[in-house]
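Student: Please take me through one part of this model closely, strand by strand and with the cut-offs stated. I would like a single connected account.

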Amino acid sequence: MPLVAASGVGPVGTVGVETAVDATAAFALENPLVAVSVAAVVLVVVVVIGLLVRWLRRSAGERFHRALAARDEVAVLMHPNPDPDAMACALAVQTLATAVDTEATMQYAGQIRHQENRAFETVLDLNFDRITDANDIAAEEVVAVDHNTPRGFPGAETVEPFAVVDHHPGNGSGDVFTDVRTDTGACATIFAEYYDALGWEPAGSDADDETTLPSDVATALVYGIQSDTNNLTAGCSAAEFDAAAYLYDGVDEDTLDRIANPEVDAEVLDVKARAIVDREVRNAFAFSNVGEVNNADAIPQAADELLRLEGVTAVVVAGEKDGTVHLSGRSRDDRVHMGKTLQAAVDDIPMADAGGHARMGGGQISLDHMEGLGPSTGVTMPELTDRLFSAMSGDI
């Protein structure tokens, strides 16, 4: 039985509520302008909270879609010497931009030299624009894909992307939109998720519905995922399998096969052979200096090959091109985080740059700085070799 007020009139609190209502009504009658102002403020607060809730509930794909739609023109910037993951993401942005009447230009610095990368560009008939400095960027509004800090060309430090989509570690961000997922194996996975969240359905190349994901985009994204995860065997998460399943119906198998199995450049085979013959192995770790190369993309391919050796769990291959020593590392050893290993090995060499994921990493060192240009005394290749082995062993 509910408690009863001392007067015997109704439950406790009823009189208090009625009194409060009466007082509020009286105040409103006596101060109509104040009452209206308060009501307006309350209404604005409710509307703002509602909009905020709606914004927070939007998927990353919806927010990226809206960010693109709000711009007339964008430049889609890949990292220097783009790989299939970066190229697939650039194509995904361009396709989504076209759907919202935004002009998108796909751009990169450096070169596309790896035979699979060249096949990717050629077979899918992609129109990439090569830049040599920041002045070549096609639009003020820049979307950075598969990297979060513009680099590799003069003036790169002046470029401030409005959007960044990436899966690499780093501190870069977009002024308007940032989606960096370091636990994801490929950046292409993120874009597959965007399309799925937006309701696009993968279909054959003859589909023309504006919410149908074209076959070339689905095929590109699948290969981007495969290439960055060694065919879904290394460095991937459940998200990669979900993305591949979503994209499956739109994949053109013949196109995928042509990209994945191109003819191999003769120099790539030579560099692989030098890496194997000239390798130095300490415990379960290997290092090889392949010397001068014309094609820097042969170095990571040599690292992939060297890691296949029985008993070897982590490798680094070095090669020289145009006054720069390029490092490429691979690991299938849980004790060796390759990105951190390379960073530790070059840490005190001026202007050296290195990093990456647990399973793979890369770096560049200027020969001039290795020889002592700048504040350091320099480092010889034998000394660098010792540093790399120490880093793989966890000693530095």
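Tutor: Strand β11 (residues 314-321) pairs with β12 in the antiparallel sense, over eight bridges. Two strands count as paired if DSSP finds at least two bridges between them. Strands (E, at least two residues) and helices (H or I, at least four) are DSSP runs, numbered from the N terminus. The model is a predicted one, in which local features need pLDDT of at least 70 and side-chain atom pairs count only at pLDDT 80 or more, while totals for chains, interfaces and linings use all residues. Residues are numbered from 1 along each chain as its sequence is written, and side-chain values use heavy atoms, with hydrogens and water left out.

One bridge of the β11-β12 pair joins lysine 321 to threonine 324 in β12. The two strands form a hairpin with two residues between them. In that turn, aspartate 322 has a positive phi of about 50°.

On its other pairing, β12 meets strand β14 (residues 360-366), again antiparallel, over seven bridges. Threonine 324 appears here too, with serine 366 as its bridge partner in β14. Strand β12 (residues 324-331) is largely enclosed by the rest of the structure, because seven of its eight residues are buried. Buried means under 20% relative accessible area, exposed over 50%, and partly exposed in between, with a 1.4 Å probe and protein chains only.

These strands belong to an open sheet of six, in the order β9-β10-β11-β12-β14-β13, with mixed pairing. The edge strands, β9 (280-282) and β13, each pair on one side only. From one strand to the next the twist averages 15°. The parallel part includes strand β10 (residues 285-292) and β11, which are joined by six bridges. Within this pair, phenylalanine 285 has alanine 314 of β11 as its bridge partner. In a regular strand, side chains alternate between the two faces of the sheet.

Two helices can be placed relative to these strands. Helix α14 lies across β9, β10, β11, β12 and β14, and runs at about 150° to β10. Axes are lines fitted to C-alpha atoms, for helices over the stretch in contact, and angles run from 0 to 180 degrees between N-to-C directions. Contact means heavy atoms within 4.5 Å.

The other helix is α12 (residues 338-345), where Met338, Gly339, Thr341, Leu342 and Ala345 are buried. These residues cover an arc of only 160° around the axis, which puts them on the same side of α12. The arc is that of the directions from the helix axis to the C-beta atoms. An α-helix has 3.6 residues a turn, so residues three or four places apart point the same way. The buried residues of α12 pack against β11, β12, β13 (353-356), β14 and α14 (381-393). Strands β11, β12 and β14 are thus listed for both helices: α14 lies across them, and the buried residues of α12 pack against them.

For comparison with the turn at aspartate 322, two loops elsewhere also hold a positive phi. Asparagine 81, in the loop between β1 (73-77) and α4 (84-99), has a positive phi of about 55° although it is not a glycine. At 40% relative accessibility, asparagine 81 counts as partly exposed. Aspartate 125 lies in the loop between α5 (115-123) and β3 (129-131), and its phi is near 55°. Aspartate 125 is exposed, with a relative accessible area of 69%.
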